[in-house]
Amino acid sequence: MDTKRTIFPNRVLPYLLLAPQLVITLVFFIWPAGQAVKSSFEREDPFGLSASFVGFQHYARLLKDPLYLDSLGRTAVFAVAVTALSMALGLALAVAVNRLVRSGRVYTTLLVWPYAVAPVIAGLLWWFLFNSTTGVLAYFLGQLGIRWDHNLNGTHAMILIVIAAAWKQVSYNFLFFLAGLQSVPHSLIEAAAIDGSGPVKRFFTIVLPLLSPTTFFLFIVNVNYTMFDTFAIVDATTAGGPAQATTILVYKVYNDGYLGLNLGSSSAQSVLLMLIVVVLTVIQFRYVERRVQY
Amino acid sequence: MIRNFITAGFMLALSASSSLAATEITWWHAMGAELGQKLEAIATKFNESQTDYVVKPVYKGTYPETLTATIAAFRAGEQPAIVQVFEVGTGTMMAAKGAVYPVYKLMADQGEAFDPKSFIAPVVGYYTDTEGNILSMPFNSSTPILYYNKDVFKKAGLDPEVAPKTWAEVEDFSRKIVTSGAAKCGFTSAWITWIQTENLSAIHDQPFGTLENGFGGTGTEFTFNGPVQVKHWGNLKKWADEGLFQYGGPVGGDDAATKFYAQECAMTMNSSAGRAGVIKNAKDFTPGFAPLPYYDDLTKEPKNSIIGGATLWVLNGQNDDVYKGVAKFFTYLSQPELQADWHQSTGYLPITNAVYELGQKQGYYEKNPGSDVAIQQITRGTPSVNSKGVRFGNLTQARAILDEEFQALLAGTKTAQDALDSAVKRGNELLREFEAAN
């Protein structure tokens, strides 16, 4: 990639143009993040009347806490499951819609709908469908001999939040994959077809590699989504239960901080969560991006 | 945000220009449905009774949600004048000395009459500090009782007028109900933590924690993993496996009421304040009311049950006009007639002796059999240190832990002993945190 250098004579204007974004970043990100770091070293009473410095005590305790380590493992399972499921489904749907010439737009519109649903509503919707006493899906599972009960069965609860979280993200992935597919040059596919390669081979050797920038972008967006944006879904569907089986890191931050009023530990957790995401993103850019062809 | 500023500015201009504008008193509460409507009606009546003050009730969700919202608001300097805090939050509120304006002090400062002795003993015992001062205004106190479905009892061949007295009878009746097909399940329960753990401990005179269940100071530890609690949790698991007992969910156990109303479960245990809802929702059956069961092999004389419900706390940081209004409102709330109406229409306890006497004079308890079950249960016998109540810091969080451990028990991943041991261990960490922070 060669870099283009354009010289702008005005020295102030670029900063002025950047200023709004910088101010927003400062006020809504850097400052709260700094506050979180500060309070992660303190022990404070709930009403904020007194605070004392405790150093790394909260961090040390967290790293020894089996519940926190469990939550870390569960978050990994959740993130991988949601990302894989929603990206695979998004791609499959995009490929299917891309083949349709006339009705494609209708399907696109329909498939984008879930994205417009608020996470809480999405969570409640799935909670309702799987409700062990009144849910339709739970009833059908019962007919198949599976006693569904996400109120007591931790695995069921995890499956439930994975489905709810993936369902909401499929639309987003679908849109990007569809756009990616539509930018794949037809001439390449036609040429391959003339050379005698079948649709499956064309997909895996031509289309998929050309989609790699889209896939990479979606991969990062999806991982971040599972780490941060799934809070409302968990809250509405299982509230982290049963017995913390669905308490992923971001929910634990809320649970310990807001409900548990343990602000120090909660801040330490959010700092750790931030570090995890930073590390993940660095790894993704260093190692995964190398395989991406633009 | 901008709209708030504009409204605030507008209100300011309005109050400055007109001396007649009433002082607004915000009141955050956690009463939904039937109870919420009743509460709104009380505020409206007060507002209509005078022109100086306007009490604005705001529904803030469940008890834990109301408490956390208040704390968040206090930190942001936007706290309400009055907040309804459930009994579990008492320890937290008492420790927050800089945030709370004690009610006894408020009433004295504003020259309103306030006599702690007029309240029934369990209420006074629960909400006073070590010097005997009442820190919050008693409003809606409750205690759990047993509700049962007389029609299902009849269908199962049981006497509809006889409720189970002991846990052995609960088991026996439930089995008859389930095997006869009269209902799908024998019993369910709201508030596993409050009813099946805290009250169970009190009724069987077992300590829930050290230092008089926390009344003696913050250096306390939980001890609710004793043989009685372990036996009971073990039984609940056994009964759940057998289909006699159905879990109603964590915290308040919202599903418990649904299961009872839908006649899926023949009995439920819930706050006495559930009475309003039961009467309204039991359209196709006749409900019965009875005291909580006990183990007759563990105690011959069950102790009193313990208090639940909430009191009204006044928060610091308001101006004197507001506090004057709050004091007037509390005096208004304390009237026996108003309290009697609240108690009789909701199922909350009569919190003062005058209210109870008024009810007796009106013949209310005779006309409504079972309406005095709660008051009789909470005042029976002489309270011991174990049945006086529980008061711990971070108790809301400790209850959340108990809920989790109970779920682990029902899911079969832990035995009753393991689950309770683990809850005690995790709960004690919370107590140490609370001790260190206060």
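How many bridges join β7(B) to β9(B), and do the two strands run parallel or antiparallel? Keep that question in mind while you set up the view, and remember throughout the tour that what you have open is a predicted model.

**First stop: the paired strands of chain B**

Begin by selecting residues 185–189 of chain B, which make up strand β7, and then add residues 265–271 of chain B, which make up strand β9. Four bridges join β7(B) to β9(B), and the two strands run parallel. To see one of these pairings for yourself, select B:Phe187 and look across to B:Met267, its bridge partner in β9(B).

Now add residues 245–247 of chain B, which form strand β8, a strand that pairs with β7(B) in the parallel sense over three bridges. Here the residue to pick out is B:Ser189, whose bridge partner in β8(B) is B:Tyr247.

Before moving on, show the rest of the structure around β7(B) again: five of the five residues of this strand are buried, so β7(B) is largely enclosed by the rest of the structure.

**Second stop: the disulfide**

Next, select B:Cys185 and B:Cys265 and display their side chains, since these two residues form a disulfide in which the sulfur atoms lie 2.0 Å apart. B:Cys185 lies in strand β7 and B:Cys265 in strand β9, so the pair ties together parts of chain B that are 80 residues apart in sequence. A disulfide is a covalent bond between the sulfur atoms of two cysteines.

If you turn the view to look along the S-S bond, you are looking at an angle of 115 degrees, and the link of B:Cys185 and B:Cys265 is right-handed. Are these two cysteines buried or exposed? Both B:Cys185 and B:Cys265 are buried. You need not search for another such link, as the structure holds one disulfide over all chains.

**Third stop: two loop residues with positive phi**

Most residues other than glycine have a negative phi. With that in mind, select B:Asp205, which lies in the loop between α9 (192–203) and α10 (210–213) of chain B, and note that its phi is near 55 degrees, a positive value. B:Asp205 counts as partly exposed because its relative accessibility is 30%.

Finally, move to chain A and select A:Ala239, which you will find in the loop between α11 (231–237) and α12 (249–259). The phi of A:Ala239 is near 50 degrees, again a positive value in a residue other than glycine, and with 43% relative accessibility A:Ala239 counts as partly exposed.

Conventions:
Residues are numbered from 1 along each chain as its sequence is written. Chains are lettered from A and ligands numbered from 1 in the order in which they are written. This is a predicted model: local features need pLDDT of at least 70, side-chain atom pairs count only at pLDDT 80 or more; totals for chains, interfaces and linings use all residues. Side-chain values use heavy atoms; hydrogens and water are left out. Buried means under 20% relative accessible area, exposed over 50%, partly exposed in between (1.4 Å probe, protein chains only). A disulfide is a pair of cysteine sulfur atoms within 2.5 Å. Two strands pair if DSSP finds at least two bridges between them.
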